[in-house]
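Student: I should like a close look at a single part of this model. Please describe how its helices pack and how that part relates to the meeting of the two chains.

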Protein chains: 2
Amino acid sequence: MARWEPGARERLVVAAVDLFTEQGYDATTVTQIAERAGVTKSTFFRHFADKRELLAAGQEVLSKLLTEGIGEAPAGATPLEAVAAGLERASSAMGPWNRELGPRLKAAVAASAELQERDALKSVGLAAAMTAALIDRGVAGPTAALAGELGVLAFKRGYAAWSEGDRDAADDLAQHALAALDELRAASASLG
Amino acid sequence: MARWEPGARERLVVAAVDLFTEQGYDATTVTQIAERAGVTKSTFFRHFADKRELLAAGQEVLSKLLTEGIGEAPAGATPLEAVAAGLERASSAMGPWNRELGPRLKAAVAASAELQERDALKSVGLAAAMTAALIDRGVAGPTAALAGELGVLAFKRGYAAWSEGDRDAADDLAQHALAALDELRAASASLG
């Protein structure tokens with residue numbers, strides 16, 4: 001089987017994340033990112049408006065997929081079944097590249113206060129998107145808020161398990177995210 | 001009954017939050033904050049190292065109180081009973097000043113991307129602190145993570161209800177936070 005080959009966009013993200021880890025987010029320039037990725041600066045600007053957008057782009061796609069998956073779940077689905085549909089939809093867009101990115105992104109976030117803030121904002125944004133999509137389905141506010149948080153926890157735990165696992169294995173992100181959601185649902189019975 | 005009178009520290013926070021709303025976080029200087037609060041710049045620096053610390057200080061206190069309350073809950077307490085003890089401990093430190101600050105802080109956060117990021121980071125930090133305190137009590141990871149998120153949601157919902165309510169009423173934050181926690185616990189039964 002041929003190994004997966006990243007395109008310019010993917011190479012730019014990987015180069016940026018590695019440079020953020022090595023020298024910090026603030027100190028990294030668009031010129032350096034393009035150079036490391038082996039593309040021109042104008043290629044960078046064809047894909048992203050700036051360094052900040054490079055990080056934000058992934059979240060927008062993810063929010064959209066989670067929202068669509070939740071919105072299109074069958075009418076009789078429970079709140080967690082709708083969240084599961086959102087997780088499946090979002091996971092289906094994540095391939096080998098996203099799996100390889102995981103540990104690099106983790107290192108970059110660990111090394112930078114700025115990236116920790118952006119990562120926190122991302123979690124809060126994803127929870128808000130899922131909560132809003134559930135409220136649109138008629139789910140009551142507190143249940144929707146709780147299900148949204150469960151969805152984010154499941155996605156983060158599933159993504160961590162998947163991206164830290166064997167990259168050549170056939171398991172996909174959806175399996176891990178849904179297993180994490182099941183685990184959290186079971187955990188909710190022990191809250192007291 | 002005499003109305004509550006704020007000290008220099010409280011006046012500095014209120015002045016800062018109002019200035020952030022009016023002109024943005026980045027554009028606001030320590031000199032302007034001190035002036036608006038009617039104190040000298042050196043008084044500012046007796047209380048806070050810089051503008052950023054002025055915002056971070058509240059979170060540190062809150063994390064510490066939540067952690068202590070959870071840690072000192074009775075040995076037989078369920079995870080949510082321990083979270084309730086944390087919320088009670090943290091609420092007990094919140095007086096009329098915190099109640100008045102609520103709507104102002106909300107306006108400042110709504111007006112600034114920078115403050116939205118800090119607010120998101122605060123939520124994630126508080127959830128992590130509660131989760132760690134629960135794990136220290138022997139609660140399993142997924143249950144602790146879920147209970148930590150419930151604690152943050154309950155605190156935020158309780159604080160919003162309290163600070164948007166009648167400031168002269170005798171209700172305290174703890175009542176609202178515990179009511180929100182009960183509501184979320186009830187909601188968890190409808191997750192499906």
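Tutor: The helices α7(A) and α8(A) are oblique to each other, because their axes cross at roughly 135°, and angles that are neither under 35 degrees, over 145, nor from 65 to 115 count as oblique. The model is a predicted one. The axes of this pair come within 8 Å, and the crossing of α7(A) and α8(A) is right-handed.

On the side of α7(A), the contact is made by A:Ser123, A:Leu126, A:Ala127, A:Met130, A:Thr131, A:Leu134 and A:Ile135. Helix α8(A) answers with A:Gly141, A:Ala144, A:Ala145, A:Ala147, A:Gly148, A:Glu149, A:Gly151 and A:Val152. Sorted by class, the residues of this contact comprise 9 nonpolar, 5 polar and 1 charged. The spacing of such residues has a general background: an α-helix has 3.6 residues a turn, so residues three or four places apart point the same way.

Helix α7(A) itself has 24 residues. From its first C-alpha to its last it reaches 35 Å, close to the 34 Å expected at 1.5 Å a residue. After α7(A) comes A:Gly138, with a positive phi near 95°.

Both helices of this pair also take part in the meeting of the chains. In total, 27 residues of chain A are in contact with 28 residues of chain B. On the side of chain A that touches chain B, the elements giving two or more residues are α5 (79–92), α7 (113–136), α8 (141–164) and α9 (173–188) of chain A. The residues on that side divide into 14 nonpolar, 7 polar and 6 charged.

The relation between the copies can be stated exactly. A turn of 180°, with a shift of 0.0 Å along the axis, lays chain A on chain B with an RMSD of 0.0 Å. The two copies are thus related as by a two-fold rotation axis. Of the interface residues of chain A, 100% are also interface residues in chain B, so the copies meet through the same surface.

In chain B, helix α8 (residues 141–164) packs with helix α5 (residues 79–92). The axes of these two helices come within 10 Å and cross at roughly 35°, and α5(B) passes α8(B) in a right-handed crossing. From α5(B), the residues B:Pro79, B:Leu80, B:Val83, B:Gly86, B:Leu87 and B:Ala90 meet B:Thr143, B:Ala144, B:Ala147, B:Leu150, B:Gly151, B:Ala154 and B:Phe155 in α8(B). This contact has 10 nonpolar and 3 polar residues, and no charged ones.

Another helix pair in chain A may be set beside these. Helix α1 (residues 8–23) and helix α6 (residues 96–111) of chain A pack at an angle of about 25°, with their axes 8 Å apart. They are therefore roughly parallel to each other, and α1(A) passes α6(A) in a left-handed crossing. Among the residues of α1(A) that meet α6(A) are A:Glu10, A:Val13 and A:Asp18, while those of α6(A) include A:Trp97 and A:Arg104. The contact of α1(A) with α6(A) holds 10 nonpolar, 1 polar and 3 charged residues.

Notes
Residues numbered from 1 in each chain as written. Chains lettered and ligands numbered in written order. Predicted model: local features only at pLDDT ≥ 70, side-chain atom pairs only at ≥ 80, totals over all residues. Axes fitted to C-alpha atoms, helices over the stretch in contact; angles between N-to-C directions. Helix = DSSP H or I, 4+ residues; strand = E, 2+ residues; numbered from the N terminus. Left-handed = near helix turned anticlockwise from the far one by under 90°. Contact = placed C-beta atoms within 7 Å. Nonpolar A, V, L, I, M, F, W, Y, C, P; charged D, E, K, R; others polar. Least-squares fit on C-alpha atoms with pLDDT ≥ 70 in both. Expected span 1.5 Å × (residues − 1).
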